[in-house]
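Student: I am new to this structure and would like to know how its descriptions are justified. Could we go through it together?

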Amino acid sequence: MDYKRVLTVQDISCFGQCSLTVALPILSAAGLETCILPSAVLSTHTAGFSGYTFRDLTADIPAITAHWKKENIKFDAIYTGYLGSAEQIGYVMDMIRTLGKEKFVSIVDPAMADYGKLYPGFDAAFVEEMKKLAFSADIILPNITEACFLTGCEYNEKYDSSYIDELLAKLREGGAKTVILTGVSYSDATTGVVVLEGENKQYYEHRKIPKGSHGTGDVYAAAFVGAYLRGKTAYESAGIAAEYTVRCIENTIDDASHWYGVKFEPVLPYFIGQLN
Ligand code: PXL
């Protein structure tokens, strides 16, 4: 089997089943050599907890990157998620320019917003930097809110397919190449993912679980990256990631005490089965 090396850059939320504590096990389960660069360390994620600690690791990044350059360490892919500061985004763009093998893919989850709002701590300057990163990446995985921040479109809770088409057109105008737009729902019972590759648009529709769950964007993105780097097409990967994420939510929904994330680990055997 082709054995690829991926670097993922996102935070460590020590408790809360998101970002690196989700991406590392999922990418490893996909059979990838997974290197990590923590963007920040938090005691918990920021959605639903108060009083969390936040240690920004931006200042450590140039020395880490310089060491990797000296050791000639290169990656088949760099996949970014929640980043620690606007300044850090520039460092990440430098990594994408310099640490890729000859055949290389950059995948950006512009993890910064949901339900029409930026996450705590992010501001317009962060969004401006994220635009540069996202529009230079090979693949981006925004939700609708993030697509609005990237394009300046107004966020609408209710929408139809022409609204989604306008968002996609604006993303393309901005420079986006392949777009995996998540959380696109046209009916009460279903939701789905739009996969846009150049002019080619496809929609993967699946059942909707009527309750938002924290960390599912990160589970989805990591599963997408895992499947994609295992040689699946973007559309196949979008579907595999969606089916895995739905099952993770279903595995968690009956446990009200587990509101902060999804129990994704027991469902990994299903995910691995889809890759073979
Ligand atoms: O799931 C995205 C995410 C990642 N990391 C941190 C977060 C969030 C969402 O709120 O707070 C720290």
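Student: Which residue of strand 10 stands opposite Thr 178?

Tutor: Glu 197 is the one opposite Thr 178. A word on sources: this is a predicted model, where local features need pLDDT of at least 70 and side-chain atom pairs pLDDT 80 or more, while totals for chains, interfaces and linings use all residues. Residues are numbered from 1 along each chain as its sequence is written, and side-chain values use heavy atoms, without hydrogens and water.

Student: What makes strand 9 and strand 10 a pair?

Tutor: Pairing requires at least two bridges found by DSSP. Strand 9 (residues 178-181) and strand 10 (residues 190-197) are joined by four, so they pair, and they run antiparallel. Strands here are DSSP runs of E with at least two residues, numbered from the N terminus.

Student: Why do strand 3 and strand 11 stand at the edges?

Tutor: The nine-strand open sheet has the order 3-2-1-4-5-8-9-10-11, with mixed pairing. Strand 3 (54-56) and strand 11 (200-207) each have a single partner strand, so one side of each lacks a neighbour in the sheet.

Student: How do you know that Asp 11 makes a polar contact with the ligand?

Tutor: A polar contact is a pair of N or O atoms within 3.5 Å. A ligand nitrogen is 2.8 Å from an N or O atom in the Asp 11 side chain, so the pair qualifies. For Thr 46, the side-chain distance to a ligand oxygen is 2.7 Å, so that pair qualifies too.

Conventions:
A polar contact is a pair of N or O atoms within 3.5 Å; within protein, one must be able to donate a hydrogen and the other to accept it, and residues adjacent in sequence count only if both atoms are side-chain atoms.
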